[in-house]
Amino acid sequence: MTGLHHRLDTDLRFRYQCGLSLDRKALSIATLSRVFADLTKKNLAKQLFYNLVKRCRQEGHRRQPRCDRQRCDPCYEEKKPKRKSEQTGKAN
């Protein structure tokens, strides 16, 4: 909440995009926390998220493939070994 408050306080474009007034002070951390707690308690945050995903799919945005941990282990690419010059710190 501290980061969000700081961004709303310093970034007028972000505050405008969030639908907040530019001529008032940014919401306090306590207010942001209460609003977020209410959104979570009423499952509104979850519903807003699902509505956003649905809208993105309708507009043709592609979904990023998920990594299935059961099928790929480890999920991330293997690290390539360093070149000899990187290990010794001496250029060829």
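Trainee: Why is leucine 4 called partly exposed?

Mentor: Good place to start, and keep in mind that this is a predicted model. Leucine 4 has a relative accessible area of 35%. Buried means under 20% and exposed means over 50%, so 35% falls in between and leucine 4 counts as partly exposed. You will find leucine 4 in helix 1, which covers residues 2-10.

Trainee: What makes isoleucine 29 partly exposed?

Mentor: The reasoning follows the relative accessibility, which is 34% for isoleucine 29. That value is neither under 20% nor over 50%, so partly exposed is the right label. Isoleucine 29 belongs to helix 3, residues 29-41.

Trainee: Which residues does isoleucine 29 touch, leaving out those up to four places away in sequence?

Mentor: Isoleucine 29 touches Met1, Thr2 and His5. Contact means heavy atoms within 4.5 Å. You can also look at glycine 3: its C-alpha atom is 9.2 Å from that of isoleucine 29, though the two residues are 26 apart along the chain.

Trainee: Which residues form the nonpolar patch on the surface?

Mentor: The patch consists of Met1, Leu4, Ile29 and Phe36, and together they have about 330 Å² of accessible area. A patch residue needs over 30% relative accessible area. Leucine 4, at 35%, passes that cut-off, and so does isoleucine 29, at 34%.

Trainee: How do you know that aspartate 11 and arginine 7 meet in a salt bridge?

Mentor: Look at the N to O distance between their side chains, which is 3.1 Å. The cut-off is within 4 Å, so this pair qualifies as a salt bridge. Side chains of opposite charge can pair when their charged atoms come close.

Trainee: Are aspartate 11 and arginine 7 buried, exposed or partly exposed, and why?

Mentor: Aspartate 11 has 23% relative accessibility and arginine 7 has 41%. Both values lie between 20% and 50%, so each residue counts as partly exposed.

Trainee: What makes glutamate 59 and arginine 55 a salt bridge?

Mentor: Their side chains meet at 3.2 Å, N to O, and this is within 4 Å, so the rule is met. Both glutamate 59 and arginine 55 are exposed. By this rule the structure has 2 salt bridges.

Trainee: How many disulfides does the structure hold?

Mentor: The count is 0. A disulfide needs a pair of cysteine sulfur atoms within 2.5 Å. As for individual cysteines, cysteine 18 is partly exposed at 41% relative accessible area, and cysteine 56 is partly exposed at 29%.

Notes
Residues are numbered from 1 along each chain as its sequence is written. This is a predicted model: local features need pLDDT of at least 70, side-chain atom pairs count only at pLDDT 80 or more; totals for chains, interfaces and linings use all residues. Side-chain values use heavy atoms; hydrogens and water are left out. Buried means under 20% relative accessible area, exposed over 50%, partly exposed in between (1.4 Å probe, protein chains only). Helices (H or I, at least four residues) and strands (E, at least two) are DSSP runs, numbered from the N terminus. Patches are made of residues with over 30% relative accessible area and no salt bridge: like charges are joined within 9 Å, nonpolar side chains (Val, Leu, Ile, Met, Phe, Trp, Tyr) within 5 Å. Accessible areas come from the Shrake-Rupley method with a 1.4 Å probe; for residues, only the protein chains shown count as cover.
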